[in-house]
Amino acid sequence: MALSKEEMHYLGMEFIGEELQQMGYEFLGVNSAPKKHPQFVIFKSGEKIKFVIVRTKCVTNPKPEKPEYVERVIDHATKQESGVWYAYVLLAHGDDTSQAPIKGERYSIIFQGFEELLP
């Protein structure tokens, strides 16, 4: 059975949260609801606050274009003098990264880093 959109979203959120922690960021806010943006509000001493948008898709149905809500987050961040990062996460089957992840089986995460949308 394939993973649901919600399950994929939560896997992407968990992965990005761990990445941000490893980079030394602290969380001011986390919103794990699939249709609420941004998902993370982060900070690090000496840097301005950043909003992080997480988009998780299945490798068999990738949609690399940025959704319309990205502009709303950028507008809000501009008013707050904050930065915006976009995290695009692809999930694939653990044994064959050209296939969709299957519930209960190993999976792979394809992530090529954060895209800075607003410095």
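Here is a chat between a trainee and a mentor about a predicted model.

Trainee: Let's start with C58. Why is C58 called buried?

Mentor: Its relative accessible area is 11%, and buried means under 20%. So C58 makes the cut and counts as buried. You'll find C58 in strand β3, which covers residues 50-58.

Trainee: Which residues does C58 touch, leaving out those up to four places away in sequence?

Mentor: C58 touches M8, L90, L91, A100 and P101. Also, C58 and L3 are 55 residues apart in sequence, while their C-alpha atoms are 9.0 Å apart in space.

Trainee: On to H93. Is H93 buried or exposed, and how do you know?

Mentor: H93 has a relative accessible area of 10%. The limit for buried is under 20%, so H93 is buried. H93 sits in strand β4, residues 83-93.

Trainee: What makes the link between the side chains of H93 and E105 a polar contact?

Mentor: The two side chains are joined at 2.5 Å. A polar contact needs N or O atoms within 3.5 Å, one able to donate a hydrogen and the other to accept it, so the H93 and E105 pair fits. The side chain of H93 also has a polar atom 3.0 Å from the backbone nitrogen of D95. Beyond four places in sequence, H93 touches a list of residues including Q99, I102, Y107 and S108.

Trainee: How many salt bridges does the structure hold?

Mentor: Three. One of them joins the side chains of K103 and E7, with N and O 3.0 Å apart. That pair links distant parts of the chain: K103 is in the loop between β4 and β5, E7 is in helix α1, and they are 96 residues apart.

Trainee: Why do K103 and E7 count as partly exposed?

Mentor: K103 has 39% relative accessibility, and E7 has 27%. Buried is under 20% and exposed is over 50%, with partly exposed in between. Both values fall in between, so both residues are partly exposed.

Trainee: What makes E47 and K50 a salt bridge?

Mentor: Their closest N and O atoms are 2.7 Å apart. The rule asks for a Lys or Arg side-chain nitrogen within 4 Å of a carboxyl oxygen of Asp or Glu, so the E47 and K50 pair qualifies. E47 is partly exposed at 34%, whereas K50 is buried at 9%.

Trainee: And what about R106 and D95: how far apart are the closest N and O atoms of that salt bridge?

Mentor: They are 2.5 Å apart. R106 and D95 both lie in the loop between β4 and β5, so the pair ties together parts that are eleven residues apart in sequence.

Trainee: Why are R106 and D95 called exposed?

Mentor: R106 comes in at 55% and D95 at 61%. Exposed means over 50%, so both residues earn the label.

Trainee: Now the inside. Which residues touch the most other members of the largest nonpolar core?

Mentor: That core has 18 residues, and the ones touching the most other members are I16, L20, F40, I42, V52 and V54. Helix α1 gives the largest share, six residues. As for I42, its contacts beyond four places in sequence include L20, Y25, F27, V52 and W85.

Trainee: What makes F15 and F111 an edge-to-face pair?

Mentor: Their ring centres are 5.6 Å apart and the planes are at 75°. Rings pair if their centres lie within 6.5 Å, and planes over 60 degrees apart count as edge-to-face. Both tests are passed, so the F15 and F111 pair is edge-to-face. F15 lies in helix α1 and F111 in strand β5, so this pair ties together parts 96 residues apart in sequence.

Trainee: Why is the pair of F111 and F114 edge-to-face?

Mentor: The ring centres are 5.2 Å apart with the planes at 75°, so the F111 and F114 pair is edge-to-face.

Trainee: How do you know that F111 is buried and F114 is partly exposed?

Mentor: F111 has 19% relative accessible area and F114 has 21%. The cut-off for buried is under 20%, so F111 is buried and F114 is partly exposed.

Trainee: Which residues form the aromatic cluster?

Mentor: F15, Y25, W85, F111 and F114 form one cluster. K44 lies over the face of Y25, 4.5 Å from the ring centre.

Terms used. Residues numbered from 1 in each chain as written. Predicted model: local features only at pLDDT ≥ 70, side-chain atom pairs only at ≥ 80, totals over all residues. Heavy atoms only, no water. Helix = DSSP H or I, 4+ residues; strand = E, 2+ residues; numbered from the N terminus. Buried < 20%, exposed > 50% of the residue type's maximum accessible area, 1.4 Å probe, protein only. Contact = heavy atoms within 4.5 Å. Core = buried A, V, L, I, M, F, W, Y, C linked by side-chain atoms within 4.5 Å. Phe/Tyr/Trp six-rings, centres within 6.5 Å; stacked < 30°, edge-to-face > 60°. Lys NZ or Arg CZ within 6 Å of the ring centre and 35° of its normal.
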